[in-house]
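Work through the following exercises with the sequence and the coordinates at hand. Each task is followed by a solution that proceeds step by step.

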Amino acid sequence: MKRVNLLLSAIAMVLFSVSAIAQPGDTPPDAEPGKCYAKCMIPDEYETYTEQVMTKAASSRTEVIPAEYETVTETVETKAASTRIVTIPAEYETVTETIETKAASTRLEAVPAVYETVTEQVLVKEASSRLVPVAAEYETVTETVETKAASTRLVAVPAEYETVTETYESDAASSRIIPVDPGFTTETETIETAPATTKWVRRKADRNCLSADPNDCLVWCLVEVPATYQTVTRRVPKPCEFQTASDGSCFREEAIPAKMATRTRRVLKTPASTREVEVPAEYSTQTRRVLKTPASVQEVEIPAVYETRTYRKLVTPATSRTIEIPAEYSTQTRRVVKAEAKTEVVEIPAEYKTISRRVLKSAASTRTIDVPSEYKTVTRRRLVKQGGFTEWREVICPADVTAATVRQVQQALRDAGYDPGPLDNIMGARTKAALVKYQRDNGLPVGQLDLETLRALGLR
């Protein structure tokens with residue numbers, strides 16, 4: 001730590017040596033002529049404060065809550081109730097009957113249609129009309145037209161000058177009028193080229209400098225510089241009788257007549273149009289077959305079919321008698337429906353069984369747990385005010401540092417508990433060291449015998 005302090009002190013002395021030479025524009029604010037100023041080293045001011053520092057930020061964690069299950073017993077349907085179709089077979093009985101082998105019937109025979117040929121006129125294209133364009137008619141006419149409209153233009157009028165005699169009043173000097181050629185006015189006046197100012201003059205360090213290096217105690221004094229003046233001559237133009245431009249020149253407005261020209265052009269006499277022409281219809285002769293008698297059907301009787309059988313009969317009967325021959329029948333055996341087949345619905349009951357299974361009682365979930373931040377208390381130092389050779393202070397001008405002043409400083413340092421050495425009216429090494437230590441201990445600007453240090457010591 002001691003080495004760091006020594007290094008900082010060395011750097012501060014170097015900065016003090018560099019900043020002791022004032023640069024252009026680096027001057028004390030609100031300076032007064034006749035007073036001297038110097039840059040002094042202002043020590044840094046620190047303060048100690050305590051604060052809470054977060055060592056671990058607040059957070060949250062998520063915990064998983066597992067799902068809960070329970071076992072339940074229930075009866076479940078393994079096979080749903082249904083119905084089935086049961087077929088009941090038909091019942092037959094044997095009967096004997098006589099049937100006709102082929103009944104009498106009718107059939108339909110097609111009668112072809114009858115056609116004939118006819119000739120007729122057929123419309124191929126209907127009558128219509130079409131539009132025939134009629135060309136437009138033109139004629140040539142000659143007329144006078146304006147090629148450029150009448151306008152105005154601005155003509156520059158040379159400026160005229162006159163000689164006038166005026167008296168100009170100046171803050172620093174008077175003015176006089178020198179007449180020149182007719183038509184012009186020449187004014188001669190004295191103007192201020194540079195106002196009165198003040199400038200800084202560097203004074204060499206005197207024997208009372210607190211530093212061993214004379215460049216550390218350079219003193220700057222504010223000196224007044226008088227104003228400077230210069231005489232100038234200028235010409236004054238006459239006022240314009242017409243319009244005045246932005247640059248001071250004169251203008252007048254001059255009329256420009258319109259320009260005319262003769263031209264020949266074609267104009268429309270009769271506009272183009274159309275006329276309607278009738279187009280007759282077109283016909284063609286066509287021969288085609290037309291239906292005379294439509295096709296039809298007729299009913300044809302089909303006689304019953306009989307079969308011929310041979311049998312024996314009496315040619316010469318012993319007696320004559322008529323023998324009836326009964327009809328012949330064939331016996332066929334077939335099954336007829338005694339009772340129609342039908343179906344009936346038979347109920348099939350549902351089937352059930354008892355099972356045990358696990359059901360979800362409470363679903364799995366999560367919950368968020370907040371974790372608070374962690375803090376610790378630390379003590380730190382922070383800079384309250386930046387020091388260094390950055391502030392101008394009013395100091396005693398070298399010519400005003402007398403032996404009596406030095407003796408008062410030595411006595412005040414001794415009264416404050418510092419050792420300035422003997423009271424010999426000389427700003428020696430011991431006196432300078434005591435004065436610098438007093439300035440550091442009391443937070444005063446270090447390096448110059450400034451007015452703030454004198455007031456702290458109780459001196460005027």
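A residue counts as buried under 20% relative accessible area, as exposed over 50%, and as partly exposed in between. The model is a predicted one.

**Exercise 1.** Classify the two partners of the salt bridge between Arg61 and Glu63 by their accessibility, and place the pair in its network.

Solution. Begin with the geometry: Arg61 and Glu63 form a salt bridge in which the closest N and O atoms are 3.5 Å apart. Next, take the relative accessible area of Arg61, which is 43%, so that Arg61 is partly exposed. Glu63, with a relative accessibility of 25%, likewise counts as partly exposed. The network is completed in Exercise 3.

**Exercise 2.** Determine which parts of the chain are tied together by the salt bridge between Arg357 and Glu74.

Solution. First, the closest N and O atoms of Arg357 and Glu74 are 2.5 Å apart, and the pair forms a salt bridge. Arg357 belongs to strand E25 (residues 351–362) and Glu74 to strand E4 (residues 68–79), so this salt bridge ties together parts that are 283 residues apart in sequence. Finally, consider exposure: Arg357 is partly exposed at 38%, and Glu74 is partly exposed at 28%.

**Exercise 3.** Repeat the analysis for Arg430 and Asp419, and then name the residues that shared salt-bridge partners join into one network.

Solution. Arg430 forms a salt bridge with Asp419, with 2.6 Å between the closest N and O atoms. Because Arg430 lies in helix H3 (residues 429–441) while Asp419 lies in the loop between helix H2 (403–415) and H3, the pair ties together parts that are 11 residues apart in sequence. Arg430 has a relative accessibility of 48% and counts as partly exposed; for Asp419 the value is 48%, and this residue also counts as partly exposed. As for the network, salt bridges with shared partners join Arg61, Glu63 and Arg367. In total, the structure holds 12 salt bridges.

**Exercise 4.** Describe the surroundings of Arg380, starting from its strand and ending with its polar contact.

Solution. Locate Arg380 in strand E27, which covers residues 374–385. Its relative accessibility of 39% means that Arg380 counts as partly exposed. Then compare sequence with space: Arg380 and Thr50 are separated by 330 residues in sequence, yet their C-alpha atoms are 6.3 Å apart. When neighbours within four places in sequence are left aside, Arg380 is in contact with Glu47, Thr48, Tyr49, Glu51 and Val53. With Glu51 there is also a polar contact between the two side chains, at 2.6 Å.

Methods:
Residues numbered from 1 in each chain as written. Predicted model: local features only at pLDDT ≥ 70, side-chain atom pairs only at ≥ 80, totals over all residues. Heavy atoms only, no water. Helix = DSSP H or I, 4+ residues; strand = E, 2+ residues; numbered from the N terminus. Buried < 20%, exposed > 50% of the residue type's maximum accessible area, 1.4 Å probe, protein only. Contact = heavy atoms within 4.5 Å. Polar contact = N/O pair within 3.5 Å; in protein donor to acceptor, adjacent residues only side chain to side chain. Salt bridge = Lys/Arg side-chain N within 4 Å of Asp/Glu carboxyl O.
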